[in-house]
Amino acid sequence: MSYDDDGRPGQFVTVAVIDYGIGNLHSAHKALRLMGANAVLTDTHEVIKNASAVVLPGVGNFGACMTALRDRGLDDVVHHVVASGRPFLGICVGMQMLFESSEEAPGIDGLGLMKGSVAYLSSDVRRPQMQWNEVVVTQDDAVLSRNGESQWMYFVHSLVAQPTHEEHIAATVSYGGDVTAACRRDNVLAVQFHPEKSGRTGLEMLGRWLSIEGVV
Amino acid sequence: MSDRVARVIPCLDVTEGRVVKGVNFVGLRDAGDPVELAKRYDDQGADELVFLDITASSDNRSTTVEMVERVAEQVFLPFTVGGGIRSLDDARRMLRAGADKVSVNTAAVERPALISEIADIFGTQCVVCAVDARQTDSGTFEVFLHGGRTPTGIDAIEWAIEAVKMGAGELLVTSMDRDGTREGFDHDLNLAISSRVGVPVIASGGVGTLQHLVDGVLEGNVDAVLAASIFHFGEHTISDAKDAMASKGIRVRPAQSSD
């Protein structure tokens, strides 16, 4: 059983932030709570499966994250949630894991929920990209853009998703050429940047996601 | 490097959970509270924050962990904690408390494997290696420890390259010759390092004017500029700094609109 911060049991959870034991996952959890969501950080399968919306955060190594996710049986849980049609948000490595594979961890399968692979950024630019950058929305997306304006978000990554299907790319960012900043496939939104570390701009984006998806 | 967006990073010295070194924002109730100051810098458009723990003894470090927790609770900007990170355990405590990165210095010089130990578990993106250097009589740069007092005989450029090989995802380069002088960054030092490594470089030490920040990026080719006193005493805001940089053609994140 999992409890939210007010001590209530897990069935009241509206947003489950998947905790697979790697990295600083607290920021996303805290940011979602600040924006009004009853969010919990949890690895309990039933809590995640019953949540109204699910967030897969992530920092660090693709292989380590995928392995940690699999070891806890959470890969199947992610598939279950995405298939159920409920809103799903992947952040940074949580975005990259949705793809089939990554150059960072050859031989380790990703979740395969998006077709394509994850590749290193160009060696012509500093890696990691560790800076704010302007996210250019390439498809009409009310979560990613605010009144149609592009948004400045904070990035920390050395690799980037290369979706097979261009129509899945929802936003790009210029870093050694235009690279994928966000993907959208039905109920799945995936962002390479860290909205939970992008100040008010990022918090507002999380707020739009929660409200447009009807979570809060 | 045309896709670089230069970062402006205020540095806060903290001890026992409080900011020290005369921070003086107009209208701020409690000048020593790290959360209040962090929020103020966030409002001004700071791109990241660095907290440097100057607590002399490690006995009181738990107050720093509590401070990190409070900052992480309320400030949604990336922040680094440095000072006194001597072991993987120290790094873990700060990162678990909510810091995005830890900065290692003396302990990494003494035992470089510390960098890879942290990077292997938490990722290279969360390990900043601080390189404190002075120029020698022969023109080379030497790593100094303990606030610039202790020479090591180690070449600063070679150490920077080695630190990146060990897994440092970013370098915080401080000229101990310039630190506190308000005469500007040491561009020779910054350029020598930034041209030899592939990771981002933060310049530190010597900022006295906004032009120094501009020069740091244009002449030292660094990715971020760090300063303390010019921001703390209310002389300049972060958005002043960004305006100055943008007016010289440096790409920066615009200050957030206040609507």
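# Two-chain model: local geometry, salt bridges and interface

Glu16(B) is located in the loop of chain B that connects E1 with strand E2 (18-19). Helices (H or I, at least four residues) and strands (E, at least two) are DSSP runs, numbered from the N terminus. The structure is a predicted model, in which local features need pLDDT of at least 70 and side-chain atom pairs count only at pLDDT 80 or more, while totals for chains, interfaces and linings use all residues. Residues are numbered from 1 along each chain as its sequence is written, chains are lettered from A and ligands numbered from 1 in the order in which they are written, and side-chain values use heavy atoms, with hydrogens and water left out.

**Backbone geometry**

Most residues other than glycine have a negative phi, and most peptide bonds are trans. Glu16(B) has a positive phi, near 50°, although it is not a glycine. Asn147(A) also has a positive phi, near 50°, and it belongs to the loop of chain A between E7 and E8. A cis peptide bond, with omega about 0°, connects Arg127(A) to Pro128(A). Pro128(A) sits in the loop between E6 and E7 of chain A.

**Accessibility of selected residues**

A residue is called buried under 20% relative accessible area, exposed over 50%, and partly exposed in between (1.4 Å probe, protein chains only). The table gives selected residues.

| Residue | Relative accessibility | Class |
|---|---|---|
| Cys183(A) | 0% | buried |
| Cys11(B) | 9% | buried |
| Glu204(A) | 26% | partly exposed |
| Val136(A) | 40% | partly exposed |
| Glu16(B) | 45% | partly exposed |
| Asn147(A) | 68% | exposed |

**Cysteines**

Over all chains there are zero disulfides, a disulfide being a pair of cysteine sulfur atoms within 2.5 Å. Cys183(A) cannot form such a bond because the closest cysteine sulfur, in Cys92(A), is 13 Å from its own, which is too far. Cys11(B) is likewise in no disulfide, the nearest cysteine sulfur being that of Cys129(B), 16 Å away.

**Strands of chain A**

Two strands are taken to pair if DSSP finds at least two bridges between them. Strand E5 (residues 101-102) and strand E6 (residues 116-120) of chain A run parallel and are joined by two bridges. Ser102(A) has Val118(A) in E6(A) as its bridge partner. E6(A) also pairs with strand E9 (residues 159-163) of chain A, in the antiparallel sense and over five bridges. Within this chain, Ser117(A) stands opposite Gln162(A) in E9(A).

Val136(A) belongs to strand E7 (residues 129-137) of chain A. Leaving aside residues up to four places away in sequence, Val136(A) touches Ser150(A), Ala170(A), Ala171(A) and Thr172(A), where contact means heavy atoms within 4.5 Å. A separation of 9.9 Å lies between the C-alpha atoms of Val136(A) and Gly148(A), which are twelve residues apart along the chain.

**Salt bridges within chains**

A salt bridge is a side-chain nitrogen of Lys or Arg within 4 Å of a carboxyl oxygen of Asp or Glu. Over all chains the structure contains 23 salt bridges. One of them joins the side chains of Arg146(A) and Glu204(A), at 3.7 Å from N to O. This pair links distant parts of the chain, 58 residues apart: Arg146(A) is in the loop between E7 and strand E8 (151-157) of chain A, and Glu204(A) is in helix H6 (residues 199-212) of chain A. A network of salt bridges links Arg146(A), Glu149(A), Arg200(A) and Glu204(A).

In chain B, Asp223(B) and Arg4(B) form a salt bridge whose closest N and O atoms are 3.8 Å apart. These residues are 219 residues apart, with Asp223(B) in the loop between helix H8 (210-220) and strand E11 (224-227) of chain B and Arg4(B) in the segment before strand E1 (7-15) of chain B. Asp223(B) and Arg4(B) are both buried.

Asp47(B) and Arg253(B) also meet through their side chains in a salt bridge, at 3.0 Å from N to O. Asp47(B) lies in the loop between helix H1 (34-44) and strand E3 (49-53) of chain B and Arg253(B) in the segment after helix H10 (238-247) of chain B, so this salt bridge ties together parts 206 residues apart in sequence. Both of these residues, Asp47(B) and Arg253(B), are buried.

**The interface of chain B and chain A**

Chain B contributes 40 residues to the contact and chain A contributes 33 residues. About 2,900 Å² is buried between the two chains, with carbon and sulfur atoms giving 50% of this area. Buried area is the accessible area (1.4 Å probe) that two parts lose on being put together, summed over both. The interface contains three salt bridges. Arg251(B) forms a salt bridge with Glu134(A), with 3.8 Å between the closest N and O atoms. There are also 18 residue pairs in polar contact across the interface of chain B and chain A (both at pLDDT 80 or more). On the side of chain B that touches chain A, the elements giving two or more residues are helix H2 (61-74) and helix H3 (88-97) of chain B. A polar contact is a pair of N or O atoms within 3.5 Å; within protein, one must be able to donate a hydrogen and the other to accept it, and residues adjacent in sequence count only if both atoms are side-chain atoms.
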